[in-house]
Amino acid sequence: MAEAYIVAAVRTAGGRRGGRLSGWHPADLAAQVIDALVARSGIDPAAVDDVILGCVSQVGEQASNVARNAVLASTLPESVPGTSVDRQCGSSQQALHFAAQAVMSGSMDAVIAGGVESMTRVPMFTPNALAAKAGLGGYMSPAMQKRYPGVEFSQFAGAEMIARDHGIEKEALDRYALESHRRAIAATRSGAFDGEILPIQVLQADGTPGGELHTVDEGIRFDATLEGIAAVKLIAEGGRCTAATASQICDGASGVLVVNERGLKALGVAPLARVHHMSVMGHDPVVMLEAPLPATLRALKKAGMRIDEIDLYEVNEAFAPVPLAWLQALDADPARLNVNGGAIALGHPLGASGTKLMTTLVHALAKRGKRYGLQTMCEGGGMANVTIVERL
């Protein structure tokens, strides 16, 4: 079977809710990433076989197949199709898997995989809220309710369950959150993000460029202190998690260009990385966020690898208990985890986070001269994707 290679990877800097990316229609924001991938790789736009974009809240400005709309807002020709994926927070990681599977099968040679989410313009839970307001019902079917009687699926409750079940106290969560900001600050100041961030014009209220470029992740708290983090109100009374130890609401887009050997030969460029392993696993939907633990263990077994053979890991910081429990379960080295900070500091633009993390991972492997990287993230419904890449 053919191999799948990542030849370009780019992301926007994260934008706070109502912040520096809030003036962008999400289809246009995704189009900026698409155009950047084309420019960085030098690929003939007409040679892109498909565009697969992850997006969680596919309603309003993100409705009607946002991937195709992003293609039509980009410089790609109309002949390039597009399709949208929803695997909750793992949507664009799944888009990468679909792209890799397509080029490995030989049915396609070059596919753009990415994601977009404007959590300012299409707030989280909007699809459910609008449907309920219109009297259109909810996602919990009678069969689901029979299987899970009285259960209200909640990521917030899941985070608390993980903290409790793995013995992770609030103080450890607070310290972890501070470290996320510290690593993001160090990465920003050292220029570690410069190669992966696409400068984006800040738009004024009327949609015209404001003359500024957005190049720094807006969620980083450069003045973060342990005392300040510890003082944030608990999400649930008697719980351990706070907004300070959870991922930030974020606007953003990201993407990678994936090709096989034929695509690589046609481009004549050196690949950034090869996709070494990819898998996805379902787990307990009530705890919901714990799936990365067994999914990573299974992925390593399938890949014939040990965790100490992985040089860097990106585990999405949806809530601090997730990466901390993952470290425990894998007996992994915390110094290799989210080395440039994670979603607690950088933001979690839902459908864009998968290829956002992969973009950071492949660039970090290159800068540090490392070989293998692993990415995983918890997903609504109790799932997790795992991707292992080899830097080339």
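Me: Leaving aside its neighbours within four places in sequence, which residues is Y313 in contact with?

Reply: This is a predicted model, and in it Y313 touches I307, W326, A332, D333, R336, L337, N338 and L374. Each of these counts as a contact because heavy atoms come within 4.5 Å. Y313 is also one of the residues with the most contacts inside the largest nonpolar core, alongside L289, L300, I307, I310 and W326.

Me: How many residues does that largest nonpolar core have, and which elements give two or more residues to it?

Reply: The core has 45 residues. Two or more residues come from each of α6, α7, α10, β9, α11, β10 and β11 (383–391). The largest share, 6 residues, comes from α11. There is another core apart from this one, with 36 residues, including V10, I43, V66 and A110. As background, nonpolar side chains tend to be buried together in soluble globular proteins.

Me: What makes helix α11 mostly covered?

Reply: Here we can simply look at its residues. Of the 10 residues in α11 (321–330), 8 are buried, namely P321, V322, P323, L324, A325, W326, L327 and L330. Being buried requires under 20% relative accessible area, and 8 of 10 residues meet that, so "mostly covered" fits. The buried residues pack against α6 (155–165), α7 (170–190), α10 (292–303), β9 (312–315) and β10 (372–379). Just after the helix, D331 has a positive phi of about 50°.

Me: Why is H348 called buried?

Reply: Its relative accessible area is 4%. The cut-off for buried is under 20%, so H348 qualifies. You will find H348 in the loop between α12 (343–346) and α13 (353–368). Leaving aside neighbours within four places in sequence, H348 is in contact with C89, M119, S247, Q248, C250, N316, A343, S353 and M377.

Me: How do you know that the side chains of H348 and N316 are joined by a polar contact?

Reply: The distance given for this pair is 3.4 Å. A polar contact needs N or O atoms within 3.5 Å, one able to donate a hydrogen and the other to accept it, so the pair falls inside the limit.

Me: Why is the pair of Y148 and F153 edge-to-face?

Reply: Two values settle that. The ring centres are 5.5 Å apart, and a pair needs centres within 6.5 Å, so Y148 and F153 form a pair. Their planes meet at 70°, and over 60 counts as edge-to-face, so that is the name the pair receives. The whole structure has 3 aromatic pairs.

Me: Are Y148 and F153 buried or partly exposed?

Reply: They fall on opposite sides of the 20% cut-off. Y148 has 21% relative accessibility, so it is partly exposed. F153 has a relative accessible area of 16%, so it is buried.

Me: What makes β3 and β9 edge strands?

Reply: Each pairs on one side only. The open sheet has 9 strands in the order β3-β2-β4-β7-β1-β8-β11-β10-β9, with mixed pairing. Neighbouring strands are turned by 25° against each other on average, direction ignored.

Me: How do you know that β2 and β4 pair?

Reply: Pairing takes at least two bridges, and β2 (50–54) and β4 (110–118) share 5, so they pair, in the parallel sense. Within this pairing, D50 stands opposite V111 in β4. Helix α3 (91–105) lies across several strands, among them β2 and β4, and runs at about 170° to β4.

Methods
Residues are numbered from 1 along each chain as its sequence is written. This is a predicted model: local features need pLDDT of at least 70, side-chain atom pairs count only at pLDDT 80 or more; totals for chains, interfaces and linings use all residues. Side-chain values use heavy atoms; hydrogens and water are left out. Buried means under 20% relative accessible area, exposed over 50%, partly exposed in between (1.4 Å probe, protein chains only). Helices (H or I, at least four residues) and strands (E, at least two) are DSSP runs, numbered from the N terminus. A nonpolar core is a set of buried Ala, Val, Leu, Ile, Met, Phe, Trp, Tyr and Cys residues joined through side-chain atoms within 4.5 Å. Axes are lines fitted to C-alpha atoms, for helices over the stretch in contact, and angles run from 0 to 180 degrees between N-to-C directions. Rings of Phe, Tyr and Trp (its six-membered ring) pair if their centres lie within 6.5 Å; planes under 30 degrees apart count as stacked, over 60 as edge-to-face and the rest as tilted.
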